[in-house]
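Visitor: Hi, I'm new to this one. Could you put it up and talk me through a few parts of it?

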Amino acid sequence: SAASDVYKRQRSPRTLVCQCCGMPLDDSTLSKGPDGAFNEDYCKWCYADDQFAYPTKASLLDYLMAHMPNPDNAPAAVCRAQFDTYLSQLKHWKEKE
């Protein structure tokens, strides 16, 4: 029933995503703090050794443009704008704007 589907969705664990790059997180990709504790906000590639890999959103956008697939062959400006829109919703970049 629709009601049980809503209940299941409410009861399922939340999906963690890196608040810098947006990648889905699990135990193998979570970053760790200096004390070794998991940091549920960031992946191990964006945040390691108590520092961020991407000092600016532009530097992350440059990386994404160079490494993310573009199966639709969308123009670079369109891809960059889509990435920027998505990243702007994440906590790390909201705090910097």
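Visitor: Is N73 buried or exposed?
Guide: N73 counts as exposed, because its relative accessibility is 67%; buried means under 20% relative accessible area, exposed over 50%, and partly exposed in between, with a 1.4 Å probe and protein chains only. Please keep in mind that this is a predicted model, where local features need pLDDT of at least 70, side-chain atom pairs count only at pLDDT 80 or more, and totals for chains, interfaces and linings use all residues. Residues are numbered from 1 along each chain as its sequence is written, and side-chain values use heavy atoms, with hydrogens and water left out.

Visitor: Where does N73 sit?
Guide: N73 is in the loop between helix 2 and helix 3, where helices (H or I, at least four residues) and strands (E, at least two) are DSSP runs numbered from the N terminus. Its phi is near 50 degrees, a positive value in a residue other than glycine.

Visitor: Why bring up the sign of phi?
Guide: Most residues other than glycine have a negative phi. D49 also has a positive value, with phi near 50 degrees; D49 lies in the loop between strand 3 (47-48) and strand 4 (51-52), and at 72% relative accessibility D49 counts as exposed.

Visitor: Back to helix 2, which of its residues are buried?
Guide: The buried residues of helix 2 are K57, L60, L61 and L64. They share one side of the helix, because they cover an arc of only 100 degrees around the axis, the arc being that of the directions from the helix axis to the C-beta atoms. An α-helix has 3.6 residues a turn, so residues three or four places apart point the same way.

Visitor: What covers them, and what is on the other face?
Guide: The cover over the buried residues of helix 2 includes helix 3 and helix 4, while the face turned away from that buried side carries the exposed residues A66 and H67.

Visitor: What does H92 in helix 4 touch?
Guide: Not counting residues up to four places away in sequence, H92 touches Q19, C20, Y42 and F52, contact meaning heavy atoms within 4.5 Å. H92 lies in helix 4 and counts as buried, because its relative accessibility is 3%.

Visitor: And E97, what is it in contact with?
Guide: Leaving aside its neighbours within four places in sequence, E97 is in contact with K57 and S88. E97 and K57 are 40 residues apart along the chain, and their C-alpha atoms are separated by 10.0 Å. E97 is found in the segment after helix 4 (91-94), and at 62% relative accessibility it counts as exposed.

Visitor: New topic: how many disulfides are there?
Guide: A search of the whole structure finds zero disulfides, a disulfide being a pair of cysteine sulfur atoms within 2.5 Å. For C18, the closest cysteine sulfur is in C21, at 3.8 Å, which is too far for a bond. C18 counts as buried, at 0% relative accessibility, and C79 is buried as well, with a relative accessible area of 11%.

Visitor: Last one: which helix gives the most to the lining of the largest pocket?
Guide: Helix 2 gives the most to that lining, with four residues, and helix 2 (57-67) and helix 3 (76-87) each supply at least two residues of it.
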